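Reader: Could you take me through one part of this model in close detail, the nonpolar core? I'd like the cut-offs along the way, please.

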Amino acid sequence: MVSTPLLSTMWILSLEWLLLALLVFWITGAWKRMKRMRAACKTAFSAVEAQFVQLLDLLRSCANAELPQQDAQQVSLQHARHALLPSAHLLEATLIQAKLQPLRPETIAALDSAWQGVQVAWQAYVQLHGAQAQALPDEQQEWEQRWSQLITLQSHSTEQFNTAIHAYNGAIAQFPACVIARLSGLKPGRTFQKDAALLMQPPA
């Protein structure tokens, strides 16, 4: 017959193993959930990247096109077109880095900054175009219409990415995911800032 102290010891050991099993199960569940959310952020960024690639094509098509006439006003407009290229190159470079690490705050911050720079350069070009609208080819109107369409799509894709990042940040702030994230060196992701969304709006 098993003695009472031995029964107590066995019960305590069983309870400890049960608690350990529950802890392992809990941590495993949190890790899997965190991995799913990281994957969702990367998927959302793929849509952001696709829109940026189309915007880059548009910028380069516009910047490299030659105007039919070369009077003083047209020359200044051509210079404004060419000024789009440095912003486009910077956007492409930061996009490549962000594609590799879309959950790294520094890469998204650099991409967001480059994106805002592109928008400022485009708006400056469009304002100059507006002053010379009668002298410009119909192709320019097509570019501006295409820009507006792509901006709408880009706004949607960045919003989806921001939503995924907010969900991920909320998940890794909870226990036990916060412990796993800290031990793994994982940091909260960064969203595209709201001031960029304001610049996305076409001029009135």
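Author: Here's a walk through the core, followed by a few spots elsewhere in the chain.

First, the ground rules. This is a predicted model, where local features need pLDDT of at least 70 and side-chain atom pairs count only at pLDDT 80 or more, while totals for chains, interfaces and linings use all residues. Residues are numbered from 1 along each chain as its sequence is written, and side-chain values use heavy atoms, with hydrogens and water left out.

The overall layout is quick to describe. The chain has seven helices and zero strands, so in order from the N terminus it reads α-α-α-α-α-α-α (helices are DSSP runs of H or I with at least four residues, strands are E runs with at least two, and both are numbered from the N terminus). Of the 204 residues in the chain, 37% are buried (buried means under 20% relative accessible area, exposed over 50%, and partly exposed in between, using a 1.4 Å probe and protein chains only). Take the contacts with a separation of 6 or more: 79% of them join residues 24 or more positions apart (a contact means heavy atoms within 4.5 Å).

Now the core itself. The largest nonpolar core has 44 residues, and Phe52, Trp122 and Trp147 are those with the most contacts inside it (such a core is a set of buried Ala, Val, Leu, Ile, Met, Phe, Trp, Tyr and Cys residues joined through side-chain atoms within 4.5 Å). At least two residues of this core come from each of helix H1 (4–64), helix H3 (84–100), helix H4 (105–130), helix H5 (138–172) and helix H6 (177–184). H1 gives the largest share, 13 residues.

Let's zoom in on Phe52. It sits in helix H1 and is buried, with a relative accessible area of 0%. Skip its neighbours within four places in sequence, and Phe52 is in contact with Leu91, Leu95, Leu111, Trp115, Gln154 and Phe192. For one of those partners, Leu95, the C-alpha atoms are separated by 8.0 Å, although Phe52 and Leu95 are 43 residues apart along the chain.

Trp147 is worth the same treatment. You'll find Trp147 in helix H5, where it is buried at a relative accessible area of 3%. Leaving aside neighbours within four places in sequence, Trp147 is in contact with Leu55, Leu58, Leu59, Trp115, Val118 and Trp122. Trp115 turns up in the list for Phe52 and in the list for Trp147. From Trp147 to Gln54 is 93 residues in sequence and 9.5 Å in space, C-alpha to C-alpha.

Some buried residues carry polar side chains. Thr94, in helix H3, counts as buried at 10% relative accessibility. Not counting residues up to four places away in sequence, Thr94 touches Ala110, Leu111 and Ala114; Leu111 is also one of the partners of Phe52. Asn162 lies in helix H5 and is buried, with a relative accessible area of 7%. With residues up to four places away set aside, Asn162 touches Thr191 and Phe192, and Phe192 is a partner of Phe52 too. Gln140, also in helix H5, counts as buried because its relative accessibility is 0%. The C-alpha atoms of Gln140 and Ala65 are separated by 9.9 Å, with the two positions 75 residues apart along the chain.

Arg33 offers a contrast. It belongs to helix H1 but is partly exposed, at 34% relative accessible area. Beyond its neighbours within four places in sequence, Arg33 is in contact with Ala171 and Gln174. Arg33 and Ala177 are 144 residues apart in sequence, yet 8.8 Å apart in space, C-alpha to C-alpha.

What about the cysteines? Cys41 is buried at a relative accessible area of 0%, whereas Cys178 is partly exposed at 22%. The structure holds zero disulfides (a disulfide is a pair of cysteine sulfur atoms within 2.5 Å).

Last stop, the largest pocket, with a volume of about 200 Å³. Its lining includes Arg38, Lys42, Arg104 and Lys187, and divides into five nonpolar, two polar and four charged residues. For the class names, Ala, Val, Leu, Ile, Met, Phe, Trp, Tyr, Cys and Pro count as nonpolar, Asp, Glu, Lys and Arg as charged, and the others, Gly among them, as polar. On a 1 Å grid over the protein atoms alone, a pocket is an open set of points where a 1.4 Å probe fits, with protein on both sides within 12 Å along at least five of seven lines, and lining residues have an atom within 4 Å of a point. Points are joined across faces, edges and corners, and the volume is the space filled by probe spheres set on them.
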